[in-house]
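You asked for a short note to go with this entry. Please read the points below with the sequence and the model side by side.

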Amino acid sequence: MADLPSLLLVDDDPLISESLAFVLKDTFSVYVVATREETKRLLYTLPVLPNLALIDLGLPPNPHSPEEGFTLVSELLTFNPSIKILILSGQDTQENVRHALTLGAVDFIPKPCNMELLKTRLKHQLMILEAEQHKPQAKQKACGLIGQSMVMETLRAQIQQFANSPFSVLIQGESGTGKELVAQCLHTQSQRAEAPCLIVNCAAFTTELLEAQLFGHSKGAFTGANTARSGFFEEASYGSLILDEIGEMPLPLQSKLLRVLENGEYYRLGETKVRQSQARIIAASNRDLRGEVLAGQFRGDLYHRLSVLTIKVPPVCERDDDKFLLLKHFQDFYAEMGTLFQLDTSARQNWKEYNFPGNVRELRNIVIRLGAKYPNQLVTRTQLEEELETNLNTKQFTSTDTDSDQAIVRQLNKGGFSLDDVLLDWERRYINAALKMSQGNLSQAARILGINRTTLYSKMQRLSKSGSN
Ligand SMILES: Nc1ncnc2c1ncn2[C@@H]1O[C@H](COP(=O)(O)OP(=O)(O)OP(=O)(O)O)[C@@H](O)[C@H]1O
C-alpha cells in the first residue's frame, strides 16, 4: 500500500466513493473525503500531498451547483500546483467542462462512468506526472521561461537586473502567467543560487499554521507542537524565500513579516529569543495589492516595502507568437508519451487569436488534452474549440438585438413578460462570469462586480433558491 501512488477522492455520495475506493485500491492508495472542508483538514494532516485527485463538482452545501467543486479545483492547485485533478461529475455541461479545465483540471469524466475507462484515464495522468518529474533539467535551462516576444524579453531583462539586489521583489500577474517560475529564476540567476530556495503558499494554511511554518515554534507552543521546529525563514538560510499568494496573508502575520523585512528580526512561536533572517524575500500575487491596500485588506507599509522592486508578468494574450513557442515547448515536453498532434491552418489561426484567460497553465493543459485525444492527428478548429474556455468578453452579454428598444418592444408585446425574471437572469450571468474570472474566489468576484462579499453571497443563495443558477 505504501508504495502505491496516492489518490484523493472527493465525492459526497458514499455509494460512489466506496465502490470507487474498492475498485481502485489495488492501483492507488485512496484517501476518501466528502466535502471541501474535509479535504482541507485531510491535506493538513498528510505528510505528503497526493499528486492525483478525482473529484465530484456538486458537493455540500450546494450539491446541485458545480461551484463548490470549482472552488475545490483552485484550492487543490494552491496546495499542490503539480496535482493532476480529474473531475468525475454528472454536471457535465459543455460550460462546466470548459470551466473546470480552464481552472486547471486535466480531465473531465461524465458520470456514470465505465470503471476500466476511469482507470485508464487515471493511469494516463500518472504517466504524465512521471514524465514531468523526470525532466527537471529541461526546466532549469535558461530558467525554463519560454518566449521571445518583446514583453518576455523585458521580463528577462528585469529578472537579470533584480537578481542580485538585496531588496525584496514583488511579482504581480494574472493566475497561470508563470509568477512562480519567474520567482525561481530570480533565485537561480542570483548569487544565492547554491543556497536553498523555499516556496510557501500563503493561501494554503490557516493563520496559526502559516505562522508556525514561517517562523518555526518551540516545543509546546500550541496543541500538537510536540517538538521544537525551525521555520522557513530559518531554513532558507541565506537563500530565497518565495511567498506565493502574498495577498492572502492574514493581517496579523503581515505585521510580523514587515518586521523581518525592516530589520531581519523574528521570533519562533512560543519563544522570546530574537532571531535574525538572512533570506531574500520574493513575493508573488495575482491580486491587485494596491487595491487591497485601499480596501484595508493589505498593509500599506508592507506593500511599499515589498514593491520597491516590482515585476509584472504579462498575460499570454500580450505575448504575440509566443503562443506557438509554448505550444511547441509543451508538445516536446510531453513527446515521450507519443502525443504529437498538428493544428490545421484554421486551428492555428484560432490558436493565434484565442486570448487564453487561464494563461500558460491553460495553454499547457490544452496541449496535454489534445495530445491525449488526437495522437498523431491533424486537429481541426472545431476540435480545438472544444478545449477552449469561451472568451468572457462583454460581447456575449450585450447582444445589440435584445438590447435594442425595438427588440424590447417586441418582447413585451409577446406577453408573459416578467421584469424580475429578466433581471435575475442578467444577475446570474454577470455573477457566473465574475466567478469564472476570479476562479471561484468570492472576494475577488465581489470586487469585479462592485459589490461586497456578503451581498454577492446572498445573491448567490437567492439565485440558487430560485433555481436559476
Ligand atoms: N514562459 C513560460 N515558459 C514555460 N513554462 C511556463 C511559462 N510560464 C509558465 N509556465 C508553466 O505554466 C504553469 C503555471 O505557471 P506558474 O505556476 O508559475 O503560474 P503562476 O502565475 O504562479 O500561477 P498562480 O497565480 O495560479 O499561482 C507551470 O507549469 C509553469 O512551469
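The points below cover the ligand site, then the two sheets, then some backbone details.

1. Status of the model. This is a predicted model, and each point below should be read with that in mind.

2. The ligand shell. A good place to start is the ligand, which has 21 residues around it. The closest of these are Ile146, Ser175, Gly176, Lys179 and Arg364. By character, the shell consists of eight charged, seven nonpolar and six polar residues.

3. Where the shell comes from. Domain 2 (143–312) and domain 3 (320–385) each give at least three residues to the shell around the ligand. Three helices each contribute at least two shell residues: H8 (179–188), H14 (322–333) and H16 (359–373).

4. Polar contacts of the ligand. Which atoms of the protein lie opposite oxygen atoms of the ligand? In the side chain of arginine 361, an N or O atom is 3.0 Å from a ligand oxygen. For leucine 181 the partner is a polar backbone atom, at 3.3 Å from an oxygen of the ligand. The side chain of asparagine 286 has an N or O atom 3.5 Å from a ligand oxygen. On its own the ligand would expose 640 Å², and the protein buries 90% of that area.

5. One five-stranded sheet. An open sheet with parallel pairing is built from five strands in the order E2-E1-E3-E4-E5. Its edges are strand E2 (29–33) and strand E5 (107–110), each of which pairs on one side only. On average, neighbouring strands in this sheet are turned by 20 degrees against each other, direction ignored. Inside the sheet, strand E3 (residues 52–55) and strand E4 (residues 84–89) pair in parallel over four bridges. To find this pairing in the model, look at isoleucine 55, whose bridge partner in E4 is isoleucine 87.

6. Another five-stranded sheet. The strands E7-E8-E11-E6-E12, in that order, make an open sheet with parallel pairing. Strand E7 (197–201) and strand E12 (309–312) are the edge strands, each with pairing on one side only. Here the average turn between neighbouring strands is 20 degrees, direction ignored. Strand E6 (residues 169–172) runs parallel to E12, and four bridges join the two. Leucine 170 stands opposite threonine 310 of E12.

7. Cis peptide bonds. Most peptide bonds are trans, so the following two deserve a look. The bond from proline 60 to proline 61 is cis, with omega near 5 degrees. Proline 61 sits in the loop between E3 and helix H3 (67–79). Another cis bond joins lysine 111 and proline 112, where omega is about -10 degrees. Proline 112 belongs to the loop between E5 and helix H5 (115–133).

8. A positive phi. Which sign of phi is usual outside glycine? Most residues other than glycine have a negative phi. Glutamate 245, though not a glycine, has a positive phi of about 55 degrees. Glutamate 245 is placed in the loop between strand E8 (240–244) and helix H11 (251–263).

Definitions and conventions
Residues are numbered from 1 along each chain as its sequence is written. This is a predicted model: local features need pLDDT of at least 70, side-chain atom pairs count only at pLDDT 80 or more; totals for chains, interfaces and linings use all residues. Side-chain values use heavy atoms; hydrogens and water are left out. A residue is near a molecule or strand if one of its heavy atoms lies within 4 Å of it. A polar contact is a pair of N or O atoms within 3.5 Å; within protein, one must be able to donate a hydrogen and the other to accept it, and residues adjacent in sequence count only if both atoms are side-chain atoms. Accessible areas come from the Shrake-Rupley method with a 1.4 Å probe; for residues, only the protein chains shown count as cover. Ala, Val, Leu, Ile, Met, Phe, Trp, Tyr, Cys and Pro count as nonpolar, Asp, Glu, Lys and Arg as charged, and the others, Gly among them, as polar. Domain bounds come from an automatic or database domain assignment. Two strands pair if DSSP finds at least two bridges between them. Axes are lines fitted to C-alpha atoms, for helices over the stretch in contact, and angles run from 0 to 180 degrees between N-to-C directions.
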